[in-house]
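Here is a small set of exercises to work through with the model open beside you. Try each task before reading its solution.

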Amino acid sequence: MNPQVEAVVIVLGLVGAFLLTAFFLLPRLYAGLRGLTSWSPRFFAWLEPLLFWIDDQRRRKILSQPFPNEWLEFLRNNVPHYSLLFGKEKAKLRNAVQVFIAEKHWEGCRGLEITDEMKVTIAGQACLLTLGMRKNYFPRVKTILVYPEGFRVPKDPHGTDFLKEETMPVLGVAWHRGPVILSWEDIVNQLNTSGTAGNLVIHEFAHQLDMQGGPADGTPWLPNPKLQEKWHSIMKTEYERLVEQSKEGRPSLLDHYGSMNEVEFFAVASECFFEQPVEMKREHPELYGILRSYYRQDPAARWLQHSAS
């Protein structure tokens, strides 16, 4: 064989081997690096432009498609908060809904057929939580399972013998590093255990925010020590106050379910923050203030402005 042709063949072979190796290894490397960011958001924040450029490219393609008119009707009818948002906020929520729906695997359970209405309703309520955050589409949530109504789950999620595991009835579950499971009936009929306004989607996705920095403990990842200190002080006081109200059977704005532990308290407080913001700001000003700092939103101002117009 001609030496020059032989050299070209060798070079092409090496290039082909490199591309083949890169094809199989780089996606795994990329996924691994993304996993590291969820372990320590602060340490890996500087890697974001490098690690998420692939996400950005894919999301630009998703957002290049127009927002379906039918989806807009679902938002208006099933996500009441949407009508309260300002112009730029509405556009941001629509974009978040498109990305969220495209990036999650959706599955109906017990014979339920997943519809666009279900996807838009769940995505719209979930993304409301992260409206004030930057590029947070719940990256750890890969799958969303929807039951037609309440369902049962093992009391011990770490058990290995599911046939013998004791189960309990639930309306929704947010697994750490796992799926979010929801009852569609209880998304449509929003009442918490106290019979007041609740929001199952907000509750379960608040748990997911809690778990973005590790196992749920009632404290989501906070950007600075000063906010962390203020958070722990206010949350401890408010949680203990709810525990006392629950023990004595006294009524409270916050659902008594939040008195179970700090994890449920954060989820219940988040529900109240978005569903009854004016009342929370009046009755629990410090709690409202710390949640406003975390979510970077002021839903009470939206409600009041809407009421005045």
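At 18% relative accessibility, aspartate 56 counts as buried, where buried means under 20% relative accessible area, exposed over 50% and partly exposed in between (1.4 Å probe, protein chains only). A word on conventions: this is a predicted model, in which local features need pLDDT of at least 70 and side-chain atom pairs count only at pLDDT 80 or more, while totals for chains, interfaces and linings use all residues. Residues are numbered from 1 along each chain as its sequence is written, and side-chain values use heavy atoms, with hydrogens and water left out.

**Exercise 1.** Find the salt-bridge partner of aspartate 56 and say which parts of the chain the pair ties together.

*Solution.* Start with the criterion: a salt bridge is a side-chain nitrogen of Lys or Arg within 4 Å of a carboxyl oxygen of Asp or Glu. Aspartate 56 meets it with lysine 135, the closest N and O atoms being 3.2 Å apart. Next, place both residues: lysine 135 lies in the loop between helix H6 (116-129) and strand E2 (143-147) and aspartate 56 in helix H3, so the bridge ties together parts that are 79 residues apart in sequence. Helices (H or I, at least four residues) and strands (E, at least two) are DSSP runs, numbered from the N terminus. Finally, check exposure: lysine 135 is partly exposed, at 37%.

**Exercise 2.** How far apart are the closest N and O atoms of arginine 58 and aspartate 55? Compare the exposure of the two residues.

*Solution.* First, the distance is 2.9 Å, and the pair forms a salt bridge. Second, both residues sit in helix H3 (residues 53-63), three residues apart, which puts about one helical turn between them. An α-helix has 3.6 residues a turn, so residues three or four places apart point the same way. Third, arginine 58 is partly exposed at 35% relative accessibility, whereas aspartate 55 is buried at 1%.

**Exercise 3.** Which residues of H3 are buried, and how are they arranged around its axis?

*Solution.* The buried residues are Asp55, Asp56, Arg59 and Ile62. Looking down the axis of H3, they fall within an arc of 120° (taken from the directions from the helix axis to the C-beta atoms), so they line one face of the helix. Then turn to the other side of H3, where Arg60 and Lys61 are exposed.

**Exercise 4.** How many residues make up the largest nonpolar core, and what does phenylalanine 100 touch?

*Solution.* Such a core is a set of buried Ala, Val, Leu, Ile, Met, Phe, Trp, Tyr and Cys residues joined through side-chain atoms within 4.5 Å. The largest one has 70 residues, and Phe100 is among those with the most contacts inside it, as are Val97 and Phe205. Leaving aside neighbours within four places in sequence, phenylalanine 100 is in contact (heavy atoms within 4.5 Å) with residues including Trp106, Tyr137, Ile144 and Phe205. Apart from the largest core lies another, of seven residues, among them Val173 and Ile181.

**Exercise 5.** In which order do the strands of the open sheet run, and which are the edges?

*Solution.* Pairing requires at least two DSSP bridges between two strands. Four strands form the sheet in the order E1-E2-E6-E5, with mixed pairing. Strand E1 (105-108) and strand E5 (172-174) are the edges, each pairing on one side only. Now zoom in: E5 and strand E6 (residues 180-183) pair in the antiparallel sense over three bridges, and valine 173 has isoleucine 181 in E6 as its bridge partner.
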